[in-house]
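Colleague: I should be grateful for a close look at one particular part of this protein, set in the context of the rest of the chain. Please take the model below as the basis for your reply.

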Amino acid sequence: MNLSVYIHIPFCVQRCGYCDFNTYAGLDHLISPYVKALCREIEIFGQSLPETMRNKVHTIYLGGGTPSLLKPRDLQMILSTLEYTLGFMAEMEISLEANPGTCSLQKIRGYVGAGVNRLSIGMQSANEHELRLLGRSHTVGDVVQAVEIARAGGIENINLDLINALPNQTLDDWRNSLKVALSLDVEHLSLYSLTIEENTMLYQKVSTGELLTPDDDIAADCYDVAREMLSQAGYLHYEISNWARRNIAGGLFECRHNLQYWKNLPYLGLGAGAHSYLDGYRLINVSHPWQYIQKLSSPNKMHCAFPFSPATQDYYIVSPEEQMRDTLLLGLRLVQEGVGEEDFFRRYGKKMSEVFAEEIHRLLQKGLVEWIEDGQKRIRLTRFGQLLGNQAFIEFV
Ligand code: SF4
C-alpha cells in the first residue's frame, strides 16, 4: 500500500485573526534546529520502517504554518533525507503551502529544484477589506504576483485556497473572489466556509457583537454560486470543498495527497503536532516546536519502534468498526466517487450496505445520499446532500 507523508512547518510571520492551527509567530530562530529535528525524526522512523513499506512514498505535503518560510536548502535537506531513508515511488506529488508575499522567484526555483511540483497558495479572498478582516499579511496584488512567480519558477500545478461565509460578506464579494481566482487560471481550487474558533481574534469580535456571525443561508448560497461558476469554467467538483481541472492526459489535477486522507489510507505525519495513521494506529506528536526539538535531541530508544517516534505524545488503536466508519465518513466527501461496495468488501471482508444498513437507510430517506452504478455499486452524497454534508457525516461519527 502506498504511503503519504505530511510535514508540519509551524512558523508564521504573524497570526491571522481566524487561525487556531498549531502555528507560532516570532519563533523564526527555531527554524534551523527544527529542520534538523525533522531530519532526525525521519531517520529514526526509517530505522524501524517495515520492509513492505519501503519505497512506497508517493505524496508529500508540506503544510503549516507557512512552509514557504523555509530556505530552499532546508527543504532540500528534508526531502533528500526522506528519499534515502524511506524511498520514493516514480511519480511523486510534492506539495508545499505558500503564503503570498513570502516567495521570490529564486526561492520557487530552489523549491522546484528540490522536487516540489505543486504549490498551494493561501489566497483566501480577492477583497482587500476581507483580507484585513481575516488579519492576513498580504494584499490581492501579492496573490496575483505569487501565481506569476510560481509559473515563472516552473510550477505547473497550483492550488488557491479561498474562504467564504465571512462576517458581513455579500454574495457579490464572494463572486468577486471566485472571478479573480478563475482569472488566475490555476489547476485546483479549495473553497472553505469560515469556522470561527475559540481563542482567535475573530471569535472575540463575534462574542462582543463587533462582528456578526455569518448565517448558514449565506454559506449555502456561496456554495451554490461556487458550484455554478466553477463548473462553467471547466472545473470538476471532486471533493466537497475541492475542484480540479483536467490535465492533458484526461486525468484530473486532484490533490493526490488529500485523496489518501479521504480514502482512509495510511499517512505518516512528521513535525510538531503532526498526526499519523499507520498500521491501525492514530498517533499525534507533541505540539510545540521547542518541545519537539528537545524530544528529537535526546530520543528515547524505548519509544522508537514502528509506528512510534520519539516525538509521539499520544496514540490509540483504531478498532475495525471505527476503521469502517472512518472509511464512510471520509469517503462520502468524494462527491463523484463516494465509496464503492466492492472496494469496501475487499478491504474489510464485509458489505458496507449490511454493516451500515440503518445509517444508509436514514440518509437515503433524507435525500442526502444516493446509490449509483459505476462498474460497481457506489454510495455518494446527492447534490442536496453536498449542502448538508455534516448531517450525513454525523451518522458515522
Ligand atoms: S498563515 Fe495560515 S497557518 Fe499562519 S496564522 Fe495565517 S492562517 Fe494560520
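Does Asn199 count as buried or exposed, and at what relative accessibility?

Modeller: The model is a predicted one. At a relative accessibility of 75%, Asn199 counts as exposed, because the cut-off for that class is over 50%. Asn199 is placed in the loop that runs between strand 8 and helix 7 (201-207). Its backbone is also worth attention: although Asn199 is not a glycine, its phi is positive, at about 65°. Most residues other than glycine have a negative phi, and most peptide bonds are trans.

A second residue with a positive phi lies at the other end of strand 8. Asp185 is found in the loop between helix 6 and strand 8 (188-193), and its phi is about 60° although it is not a glycine. With a relative accessibility of 43%, Asp185 counts as partly exposed. Helix 6 itself comprises residues 171-183 and includes Leu182. Setting aside residues up to four places away in sequence, Leu182 touches Leu189, Met229, Leu230, Ala233 and Tyr235. From Met1, which is 181 residues away along the chain, Leu182 is separated by 36 Å between C-alpha atoms.

A positive phi also occurs in a hairpin turn. Strand 12 and strand 13 form a hairpin with 2 residues between them, and Asp279 in that turn has a positive phi of about 55°. Strand 12 (residues 275-278) and strand 13 (residues 281-285) run antiparallel and are joined by 4 bridges; one pairing is that of His275 with Ile284. Strand 13 also holds Asn285. Asn285 has a relative accessible area of 5% and is therefore buried, whereas Asn199 is exposed. Apart from neighbours within four places in sequence, the contacts of Asn285 include Glu41, Leu270, Tyr292, Ser309 and Gln313.

Two cis peptide bonds may be considered alongside these phi values. The bond from Phe306 to Pro307 is cis, with omega near 5°, and Pro307 is found in the loop between helix 10 (289-297) and strand 14 (312-317). The bond from Gly64 to Gly65 is likewise cis, with omega near 10°. Gly65 has its place in the loop between strand 4 (57-64) and helix 2 (72-86), and it is one of the residues that surround the ligand, along with Thr66, Asn99 and Arg136, among others. By class, this shell around the ligand consists of 5 nonpolar, 5 polar and 2 charged residues.

As for the wider setting, the protein is divided into domain 1 (3-260) and domain 2 (332-396). Their centres, taken over C-alpha atoms, are 28 Å apart, and 10 residues of domain 1 are in contact with 10 residues of domain 2. The largest nonpolar core has 97 residues, with Ile7, Ile60 and Leu82 making the most contacts inside it. Helix 1 (residues 31-48) gives the most to this core, namely 9 residues. Both domains give residues to the core, so it lies between them. Beyond its neighbours within four places in sequence, Leu82 is in contact with Val5, Ile7, Ile42, Ile60, Gly87, Phe88 and Leu270. Another core, of 10 residues, lies apart from the largest one and has Cys16, Cys19, Ile163 and Leu166 among its members.

Terms used:
Residues numbered from 1 in each chain as written. Predicted model: local features only at pLDDT ≥ 70, side-chain atom pairs only at ≥ 80, totals over all residues. Heavy atoms only, no water. Pairing = 2+ DSSP bridges. Near = heavy atom within 4 Å. Nonpolar A, V, L, I, M, F, W, Y, C, P; charged D, E, K, R; others polar. Core = buried A, V, L, I, M, F, W, Y, C linked by side-chain atoms within 4.5 Å. Buried < 20%, exposed > 50% of the residue type's maximum accessible area, 1.4 Å probe, protein only. Domains from an automatic or database assignment. Contact = heavy atoms within 4.5 Å.
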